[in-house]
Amino acid sequence: MMIKAGLAAFVGDAIRNTNGESVSVPANRGTAKEEHGWKTARRMDFASFVTLSRNTNATAMMGMAPFVTSVAYSYDGTQLASGSRDKMITVWDVDDNGGVVSQTLVGHSEWVYSVDFSPDGTKVISGSRDMTAKVWDLIDGGIPITLRGHTADVNSVAFHPVTNTVATGSDDNTIRLWDMSNSGALIAVLEGHTDWVRTISYNHDGTQIASGSNDYTIKIWNVDDHGGTATRTLVGHTNRVYSVAFSPDGTKIVSGSLDDTVKIWDLVHGTTPLTLEGHTGSVKAVAFSTDGRTVASGSYDSTVRLWNAHDGAAVGTLHGHARTVTSLRYSPDGSHLASGSWDETVHLWEISSELSARRPTTPPTPPAAHALIFMVAVLVFCLGYFAYGRLGGRQILARRYGRLSTTDTEEEVQLNQHVE
């Protein structure tokens, strides 16, 4: 069932969204108009962000808070897909000024955990707690192709970067390869992990898949049109591996774990991985920048951190999310970073080229006599950057799916069975 949703955008005095609800918006930022059943604002300033809001009542009728679980860019960077706990996939048309909803895909009977675009941008694949993956045709529409075979949640999905193959990873400890040129016929089942497969990622030419698991390991698989073989197992994390991603040239892998660390693995030289520490919670999402110079990580501590991919030095921290950051993707041109969160938003950050290369400077320690003044200044500083998202990037788009009705503790309990 398609739900028509209202969108609240910040543009001036109080306006009404498409459901007749009053929303408050800053003045002199742009003009509001209705598109695809949503009301949106065209912002004239580049530094701020737009908040899009779906009808909270409609969400409540579905019996769940719509946490954002996954984001993915199309290969040309003109669209962004987001999956969420409300069983839906939203496709956005995006540009430097924000985004508007293009399509809403409804068909899963449980949470959507993962989304990805086909190389030509005409299709989206989604993986769900309902033990299926679905491939959606964005051009012709119609009923999606449903991939059945997994015996547990489908946590991660990925399109092959060249061919019509798709890969899915599941709580049944397996990875499956499917042939979309043959109506989604099963190609092979890859077995080797001893616990849930949380995350999968293709390398740049589709000859390898990396997978991360609850068994604390990362496996590298050589794959082709007929199947795949595990060629290497990376051991180093001390808890579950939530996210993996290849560098653009395929020579490195970045991983995030429940052990609160990020690791960068050199697949060529096989040296001890770089361990990046700084998050104060489990690392749920990781991504390499398009030029391979920067790694981004998202955590239960609600922050996105940027790191130098060469030496692991901390580059900056993006503040803006109010809860766990679940997914990260760089735009194809590397100018933006999309982040999804349990706070029901997707943020789009502008990432400058100098930010990717720079290393942080350490502020001098303030004199003891000025400690109180310093603490107040830091508080104001943090609040300012939380509002404007300018520490390491600028927030220009945020999608809010609705208000949470649970406390943080209740939220953890509700998600504990799968997340923890």
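Biologist: Is Asp291 buried, partly exposed or exposed?

Modeller: This is a predicted model, and the relative accessible area of Asp291 in it is 43%. Buried means under 20% and exposed over 50%. Asp291 therefore falls in the class in between, which is partly exposed.

Biologist: With which residue does Asp291 form a salt bridge?

Modeller: In a salt bridge, a side-chain nitrogen of Lys or Arg lies within 4 Å of a carboxyl oxygen of Asp or Glu. For Asp291 and its partner, the closest N and O atoms are 3.9 Å apart. The partner has 42% relative accessibility and counts as partly exposed. The residue is Arg293.

Biologist: How many salt bridges does a search of the whole structure find?

Modeller: Side chains of opposite charge can pair when their charged atoms come close. One pair is Asp291 with Arg293, and another is Arg329 with Asp116, whose closest N and O atoms are 3.4 Å apart. The search of the whole structure gives a total of 2.

Biologist: How many residues apart are Arg329 and Asp116?

Modeller: Arg329 belongs to strand 30, residues 325-330. Asp116 belongs to strand 10, residues 112-117. The pair thus links distant parts of the chain, and the separation in residues is 213.

Biologist: Is Asp116 buried or exposed?

Modeller: Its partner Arg329 has 28% relative accessibility and counts as partly exposed. Asp116 has 8% relative accessibility, and the limit for the lowest class is under 20%. Asp116 therefore counts as buried.

Biologist: What percentage of the residues of the protein count as buried?

Modeller: The protein has 420 residues, with 4 helices and 33 strands. Its accessible surface comes to about 17500 Å², of which 51% belongs to carbon and sulfur atoms. The share of residues that count as buried is 56%.

Biologist: Which strands stand at the edges of the open sheet with the order 14-15-16-17?

Modeller: The sheet has 4 strands with antiparallel pairing, and neighbouring strands are turned by 20 degrees against each other on average, direction ignored. A strand at an edge has a single partner strand, so one of its sides is left without a neighbour in the sheet. This applies to strand 14 (154-159) and strand 17 (185-191).

Biologist: Which residue in strand 16 stands opposite Gly169?

Modeller: Strand 15 comprises residues 165-170 and strand 16 residues 174-179. The two run antiparallel and are joined by 5 bridges. Opposite Gly169, in strand 16, stands Ile175.

Terms used: Residues numbered from 1 in each chain as written. Predicted model: local features only at pLDDT ≥ 70, side-chain atom pairs only at ≥ 80, totals over all residues. Heavy atoms only, no water. Buried < 20%, exposed > 50% of the residue type's maximum accessible area, 1.4 Å probe, protein only. Areas by Shrake-Rupley, 256 points an atom, 1.4 Å probe, with all protein chains shown as cover. Pairing = 2+ DSSP bridges. Axes fitted to C-alpha atoms, helices over the stretch in contact; angles between N-to-C directions.
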